[in-house]
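Morning, everyone. I have a few helices to walk through, so let's get the picture up.

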Amino acid sequence: FKIGMSLKESGRVEDALIAFRDTLAVNSAHSAAHYQLAIALEELGQIEEAEKEYQLAIDTDPKFVEGYETLSDFYDRQGLPEKSAEVLSRLLAWFKPNTTEKSEKVAILKFKLGEAQYASGAYEEAVNSFSSVILIKPSVDAFRFLGKAHYKSDKLTAAIDVWRRGLKLDEKDYDLYFQIAVAQYRQDDLPASEASYKDALRIKPDYVKALTNLGFLYYQQYDYEQARACWKRSLDLNPEQEVIQKKLKEIEKK
């Protein structure tokens, strides 16, 4: 096993792979060898074999925290968020915090679980995960993703409330203002949505998405002059917006 690690560190991945397999021929329950073999196999593009070895690493050592995390990341790289969430759920089922350090680790794992659940469309489950993160260690990103999960569940008011809580941690987070504006627009609260888009642009004047959306808000209210102004600024920053180009031409005919 040590020879395999040395070979791996020197970049001789194929030789390291042989050493790890030799290790497992002697001791098939060597979880670290399964783990390192999986990493080597993935690096060599042998994805199915790598998955098997990652699974064997945690099967032979059910308390192998790094093994669970790496397998979860492996599934993320393969575009399989449901499997990633399943692995993290298995880990969190037994990984209980009894120190501050472990509590912070749980927050990190819960955040990753929430991301995987969100990516797989399990929005209610993502709400639960991000809510747990906030209870342990509040952060702007935790509030951001919790709000997004609420939004995807069509709970717009809850989403707005969560994003506003996030702004209390960082009042200059222009993305949170943008998210609030989008939700307010969906609620048909156009004055509030306009104000939130302007808040985002006050912090980030070159925020293309906010300029584009604010233009649509003005367009909906037949305020073509302000719509034109927003869209021209947006196109100056990103000319590759065919829809906006067409909308501007449409306004010119009015």
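Keep in mind that this is a predicted model. I'll start at a spot just past helix α9. Aspartate 154 sits there, and its phi is positive, about 65°.

Now back up into α9 itself. The helix covers residues 140-152. At 1.5 Å a residue, its 13 residues should span 18 Å, and the end C-alpha atoms are indeed 18 Å apart, so the two agree.

Is α9 enclosed or open? Look at the burial. Of its 13 residues, 10 are buried, so α9 is largely enclosed by the rest of the structure. Buried here means under 20% relative accessible area. The list takes in Val140, Ala142, Phe143, Arg144 and Phe145. It carries on with Leu146, Gly147, Ala149, His150 and Tyr151. And what covers them? The cover includes α7 (100-119), α8 (123-136), α10 (156-169) and α11 (174-186).

Next, helix α3, residues 31-43. It has 13 residues and reaches 18 Å from first C-alpha to last. That is close to the 18 Å expected at 1.5 Å a residue. Burial again: 10 of the 13 residues of α3 are buried, so this helix too is largely enclosed by the rest of the structure. Among the buried ones are His34, Tyr35, Gln36 and Glu42. Which helices do the buried residues of α3 pack against? They pack against α1, α2, α4 (47-60) and α5 (65-77). After α3 comes glycine 45, with a positive phi near 85°.

Two of those neighbours, α1 and α2, also pack on each other. Helix α1 is residues 2-9, and helix α2 is residues 13-26. Their axes lie 8 Å apart, at an angle of about 165°. Over 145 degrees counts as roughly antiparallel, and α1 and α2 are therefore roughly antiparallel to each other. The crossing of α1 past α2 is left-handed. From α1, the contact uses Gly4, Met5, Leu7 and Lys8. From α2, it uses Asp15, Ala16, Ala19 and Phe20. By type, the residues of this contact split into 5 nonpolar, 1 polar and 2 charged.

Last stop: one residue in helix α5, glutamate 69. Is glutamate 69 buried or exposed? Its relative accessible area is 14%, so glutamate 69 is buried. What does it touch, leaving aside residues up to four places away in sequence? Glutamate 69 touches Leu91, Lys105, Leu109 and Lys112.

That's my tour. Over to you.

Definitions and conventions: Residues numbered from 1 in each chain as written. Predicted model: local features only at pLDDT ≥ 70, side-chain atom pairs only at ≥ 80, totals over all residues. Heavy atoms only, no water. Axes fitted to C-alpha atoms, helices over the stretch in contact; angles between N-to-C directions. Helix = DSSP H or I, 4+ residues; strand = E, 2+ residues; numbered from the N terminus. Parallel < 35°, antiparallel > 145°, perpendicular 65-115°, else oblique. Left-handed = near helix turned anticlockwise from the far one by under 90°. Contact = heavy atoms within 4.5 Å. Nonpolar A, V, L, I, M, F, W, Y, C, P; charged D, E, K, R; others polar. Expected span 1.5 Å × (residues − 1). Buried < 20%, exposed > 50% of the residue type's maximum accessible area, 1.4 Å probe, protein only.
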